[in-house]
Amino acid sequence: MPPQRGKTPRKNKNGSGSQTEPVEVYCRIRPLDNPDDPVCLKAVNTNTCILTPQENAIARNGQVKELQYQFQYVFDEYTSQKAVYDYVAMPLMEDLIKGKNGLLFTYGITSSGKTYTMTGTPDDQGLMPRCLDVLFNSISGLQAKKYVFKPDRMNGFEIQTDADAMMERQRREILPGLTTPKTPGRGRNHGEFGEHGRMSDPTRVEDIDEGNIYAVFVSYIEIYNNYVYDLLEELPHDPITGYKPPQSKILRTDSNDNMYVMNCVEVEIKSPQEAFEVLYKGQKRRKVAHTALNAESSRSHSIFNIRLVQAPLDANTDMIAQVQDQEKNICVSQLSLVDLAGSERTNRTKNTGERMKEAGNINQSLMVLRNCLELLRENQKTGLGKLVPYRDSKLTHLFKNYFDGDGKVRMVVCVNPKAIEYDETIHVMKFAEMTQEVLVTKSQQVKFEILEAPMIKKPPVIEDYIPMMTYSLGPTFPSLEVLHCRDEYTLDQLSDFLDERNRLKENLMIDFNRKQDQFRAQLVKIEKEYNEMKSRSHESQSVLEKRESYIQKLESRLRSLEKRQDETSRQFKECERERRELESKLQDKNMKIRQEKTEKDRLRSDFRNRLEHNNQQWEKNLQKERNKIENELEGQINEKQHKLNMLRHIVNTETDSDTPTARFRTPAPKARTYTTPGKIMSARSETDMSSVGKNPVPTPRSRTQTATVTSARSMHGLNKVGTPKNTPQYNPRHRRSRSSNAEIWLDHRPPGSVELVFRGHDCTVLQPKLKKKKSVSKLEVKDTKEATKYILTHQDIDSAGELETKLIKGNMLPTAGGGTAVVFNDVETLKQISPGSRKRRSSCPQPTDYDGDWTDVEDRCGIAIEGHSRKRSRGTEKVSRV
Ligand code: ADP
Ligand code: MG
């Protein structure tokens, strides 16, 4: 529980520029109970002692092997308690008053004089009572009023105003259960340190700062079985068994990282007597607790803490000087006096069960102390920062700051020189030797920062409420000497004087009663204020407790939140990393999309350009084609017009030169080629074919009766003649089935033809015999599809005025374009003449619609059908007759 709030920073680490000093170890040899007992340890000088092995050990080795140990000082069995105090504890007391911390502990086996050294006896006091004596001797006249310094329950102190301190004094007197022991009166029991026979130490520390005021606080704790108990705490009372076992305390770290026992009772004492009262009370409780716990005092560590609180006084006001930071205004130093448990090993205790456990624990915590010091020494030697296991035991954990921070550490090794204790003593010596190699940091002198002007207004004190009472006793007594027996004057004067006095007395009584009432009223008021303050203080105390538990909750919550925060930050980092990865992926994808889009746009524009180009090309081609077709058609029309004109001319000429009927003669058929867009029409007359001389036409056989049949055959020489460029492409060798059954005739009889008579005596004998035929009056494209032969019935009036019927025959050949070409190859002429009479008479009626200009056979029979299937409908529509 070392450093306190308001103190110079304590967390100086060894080797960081601060001065260090070794742990000072002293050796004290106690006198033998029986002077004749053999000894194993002897002091040879003030610093050295020799450990001699037991007799049996000598016998075993054959030679005496003495071990020599050096100490800061070796106190032999004749050294007085005073001398030990002066050497060991006095410097610690001086440090304490200078605001430095100190730890003093006694180490040794049971019955080696530890308690004697630490506490002593009333007539020969040990270190602790002497420390208290010297402390109070030193600060006498410089002590602060009680309760001006108040523990804040968190190992620190606060300053109260004088008024608050006074209130607290009154409260503690009213509630004695809470108060510290009153200054012991005569005859009070102070245990072994009763005032009777106690020899107080008159020593005092000379070098004391008289500009400060001081207050002393003590606490008394015990560590047993690695549990911490407060020896000054009221034990819980059990109505049946008496006292209940005490509750153990926990260790905590204060705001300066110092260890302290939480909720440990700290008592402010104003004199050594009060301290002894506390000590006695603690020891008494310790005994009770040990009974309750079935424990033994030699198995426990007892720690008596003296805390000195000091603050600078303002010279003008006699009040505590003010500084900016109130914490810096208070210096708290501490001296811990530790009476350790016996260091003997477990097997030596000869205990079983619970006791075994206790002994084990005691040794365990001393073992941890030993380990800690060894590691500390090793770290200091090697510079390695190995972890010192302070937390392994409550003892080392509590004093961690002395070894880790700063403060003087001193140890008195108590030795019982009895030879039979040799085995234990050698361990004690080794530990002591090792301990003095450990370095601790020196404390710094405390300096206060005092402000120029005082800031606290002196609060009113009780005296201020009591009016000054000045009483006039009136005139002095008159002479009481009676001169003679009739001296009435003197008696009268005396009577007057007494009357006057009585009056005065009555007035005074009235005044007194009035003032008494006033005082009472003020007292009641003060009482009321006090009660209010008391309840307020109770409230604040409960608030404080609540706050403390709340702080604990918050601390644990903070820890869990910190854990969660770590986890969250780890997750956050993970998420951040994933986010970055996804972002980079997204960027890649976006880039790809952009690239693809650009590519698409490029392709689209390219396609558009090509499409446009193609369209233009197509349009151009179409235009060209159209122009070509138009030209061709125009040429055809012109040619036809020309032919028509020629025909007209011929007809007209013939008519003019021969007979009037000559104009009906069919003009000599000529090979003709007709071209329409997508179709070719072709016709050839027999005349042309014979004139060509190729494929001589078979001689037409004579028809019986009067029928004259002329036939013409052509076609084969068509190519020889030369096909016009736009002649429909067909295969002239196209073969249809030869069977007559397969021949289908397309019998084309244009409307207006004179019907031939086939019945009666006038009937026509020579008649075309067509097995399968289809008669049409007007050519349709569909009709040409099935037929293989074509026959056109053409009627005309011959020169004799007789009706001449010509049957013009041809083959129907499919063209390359899917149309049909008719190749004329035969003409049969039928005439009917009456015998014996030259007068020709046509039995056939005249065509009713004959207009005299209708002579163009070829025009009527020339057809071609466009063959392209995709243009069939269009082509079919375009079937034309010329
Ligand atoms: P510890 O506390 O180590 O178990 P104690 O201090 O109780 O031992 O001492 C055991 C006994 O020895 C006590 O009776 C004590 O009075 C006595 N004793 C110890 N040291 C000395 C000493 N230096 N001078 C006189 N008597 C002593
Ligand atoms: Mg003891």
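How do the residues of the shell around ligand 1 divide into nonpolar, polar and charged? Keep that in mind as you open the viewer, and remember that this is a predicted model.

**Stop one: ligand 1**

Select ligand 1 and show its surroundings. The residues around it are Arg28, Arg30, Pro31, Ile109, Thr110, Ser111, Ser112, Gly113, Lys114, Thr115 and Tyr116. Here is the reply to the opening question: three of the shell residues are nonpolar, five are polar and three are charged. Now colour helix H3, residues 114-118, which supplies the largest share of this shell, with three residues.

Next, zoom in on the oxygen atoms of ligand 1. At Gly113, a polar backbone atom is 3.1 Å from one ligand oxygen atom. Move along to Lys114, where a backbone N or O atom lies 3.0 Å from an oxygen atom of the ligand. At Thr115, turn on the side chain: one of its polar atoms lies 2.6 Å from an oxygen atom of ligand 1. Switch to a surface view, and you can see how the protein covers 68% of the 550 Å² of accessible area that ligand 1 has on its own.

**Stop two: a three-stranded sheet**

Now select strands E3 (41-43) and E5 (67-70), together with strand E4, residues 48-51. They form an open sheet in the order E3-E4-E5, and the pairing is antiparallel. Strands E3 and E5 stand at the edges with a single partner strand each, so one side of each has no neighbour in the sheet. Look along the sheet to see the turn between neighbouring strands, 25° on average with direction ignored.

Focus on E4 and E5, which pair over four bridges. To find one of them, pick Ile50, whose bridge partner in E5 is Gln68. Then add helix H11, residues 422-435: this helix packs on the sheet and touches E3, E4 and E5. The direction of H11 makes about 40° with that of E5.

**Stop three: a hairpin**

Finally, select strand E12 (residues 212-224) and strand E13 (residues 227-230), an antiparallel pair joined over four bridges. Pick Glu222 and look across to Tyr229, its bridge partner in E13. Which residue of this hairpin takes a positive phi? It is Asn225, with a phi near 55°, in a hairpin that has two residues between the strands.

Methods
Residues numbered from 1 in each chain as written. Chains lettered and ligands numbered in written order. Predicted model: local features only at pLDDT ≥ 70, side-chain atom pairs only at ≥ 80, totals over all residues. Heavy atoms only, no water. Pairing = 2+ DSSP bridges. Axes fitted to C-alpha atoms, helices over the stretch in contact; angles between N-to-C directions. Contact = heavy atoms within 4.5 Å. Near = heavy atom within 4 Å. Polar contact = N/O pair within 3.5 Å; in protein donor to acceptor, adjacent residues only side chain to side chain. Areas by Shrake-Rupley, 256 points an atom, 1.4 Å probe, with all protein chains shown as cover. Nonpolar A, V, L, I, M, F, W, Y, C, P; charged D, E, K, R; others polar.
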